[in-house]
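Visitor: Could you pick out one helix here and go through it closely? A little context on the whole chain beforehand would help me get my bearings.

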Amino acid sequence: MSATTAPLPRLARRVPLPPGPRMPRVVQTVGWLSRPYQFVERARERYGDVFTMKIGRDTFVVLSDPEDIKQVFTGDPAIFHAGAANVILLPFLGHKSVLLLDGAAHLGQRKLLLPPFHGEKMRRHVGLMQEIAEREVATWPVDEPFAVHPRMQDLTLEVIMRIVFGVDEGDPRLATLRRHLRGFLDSTVDPAEMRKLLVYGPERADRRRIFASVLDPVDAVIADVIADHRRRDDLADRDDVLSMLLLARHEDGSEMDGTELRDELVTLLVAGHETTATALAWALERLTRHPAALQRLTEETRAGGEEYVDAVIRETLRLRPVLPFVGRKLAQPQTIGGWDLPAGARVAPSIHLVHRRPDLYPDPAAFRPERWLGVRANPYTYLPFGGGVRRCLGASFAETEMRAVLGAIVANVSLRPARPESERVGRRVITLVPARGAEIIASR
């Protein structure tokens, strides 16, 4: 797909920020939290492709024109800071997380993290992903409604423990790791915990260690796993991400220290667990309400094809992106979309608004995987994983996992929706989830 034809040049307006909803900050925050899609859709309808919204303590300049998004994604990383925009995650991820770094520090850390997520290395894990998925599907109730989202959370956590943390089946620490990671992940989406974060702010929350009760057990078991891996003499023969990170070296020849490893493992956990689980739940929610698409996926997957499952994945992420937007904080003034924006402004390319543009996607609200067959995605009109040098480094991992899991599901069970009506969009802090957990019925 291609971006729209570039509009005529727009004159820069010398005002602090573009106009946007005039409601008080608290009203905008409630509107955004309760009905995120409708909130931004109404704002764009009234104010155009560039508008300002005030959410919580922050103010965002929302972008939905592909040309403006291209400017952000291809802009100088020294100016468009994603790490500064992600500071809310600091108390959980730590100071050395690739998500919180900018400039040379970010590029250096990203260089270390990219090799384990190369497409070829990810394909080595397909068999294990399928095995984990088949084991999960075997526990599903038969001919009874159940919420599949929690099941997908269990599945993706198992994948991360085995493939990222490298804890082998039968390792006595697996159950302990699973318990502590589950408690930690639950805390990151607990509204009460998030309210504390909003009250303290991320920097003060980190200094005062207000999440120590959930972080300390996780850190202890991760440190134990890292120490065990350091004692191994077969790291070069292993495919898990932690083993590859232990072999990685900085440009000066030094290895990653314990804090770096901890912060990156937690980052991969947070970034790869809830997001992939939610995307899988949305895919099943959409498929069960579109039986022709589900039948085609089932037939082609059982025949060994992958083209249609890839189209299903893309269409799911287009129609139900897990994250509503990506963020950048300007280190210097910039003119974007015809507006002079000051240093410190937060710009937010809206994934949802771009994915729903009728000039890019005819009948944009329809679930039509066929629209992706034989089509290459444009990085400025399809952005579920962000873009530019900050594009999610786990995108290949997520797509590989979704492909393996969906294949294992349709190969073993028949699916139908528990209710005829589509599930509305709910929220787990920053992720947009099926409100009822994607209720389905499975038959064998």
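Guide: Context first, then: what radius of gyration would a compact globule of 444 residues have, and what does the chain have? The globule would be near 22 Å, and the chain has 22 Å, so the two agree. That radius is taken over C-alpha atoms, and the globule rule is 2.2 Å times the number of residues to the power 0.38.

Some housekeeping: this is a predicted model, with local features needing pLDDT of at least 70, side-chain atom pairs counting only at pLDDT 80 or more, and totals for chains, interfaces and linings using all residues. Residues are numbered from 1 along each chain as its sequence is written, and side-chain values use heavy atoms, leaving out hydrogens and water.

Back to the overall picture. The C-alpha atoms fill a box of roughly 65 × 55 × 40 Å along the principal axes. The chain has 19 helices and 12 strands; these are DSSP runs numbered from the N terminus, helices being H or I with at least four residues and strands E with at least two. Of the 444 residues, 54% count as buried, i.e. under 20% relative accessible area, with exposed being over 50% and partly exposed in between (1.4 Å probe, protein chains only). Take contacts, meaning heavy atoms within 4.5 Å, between residues at least 6 apart in sequence: 74% of them join residues at least 24 apart.

Now the close look, at helix α11, residues 191-200. Its buried residues are E193, M194 and L197. These three sit on the same side of α11, because they cover an arc of only 100° around the axis; the arc is that of the directions from the helix axis to the C-beta atoms. And what lies over them? The cover includes α5 (90-93), α10 (173-188) and α12 (202-208). Flip to the face turned away from the buried side and you find the exposed residues P191, R195, L198 and V199. Right after the helix, G201 takes a positive phi of about 85°.

For comparison, try two residues elsewhere. H229, in helix α13 (residues 212-230), counts as buried because its relative accessibility is 1%. Setting aside neighbours within four places in sequence, H229 has contacts that include F165, R238, D240 and L246. A104, in helix α6 (residues 103-113), is exposed, with a relative accessible area of 67%.
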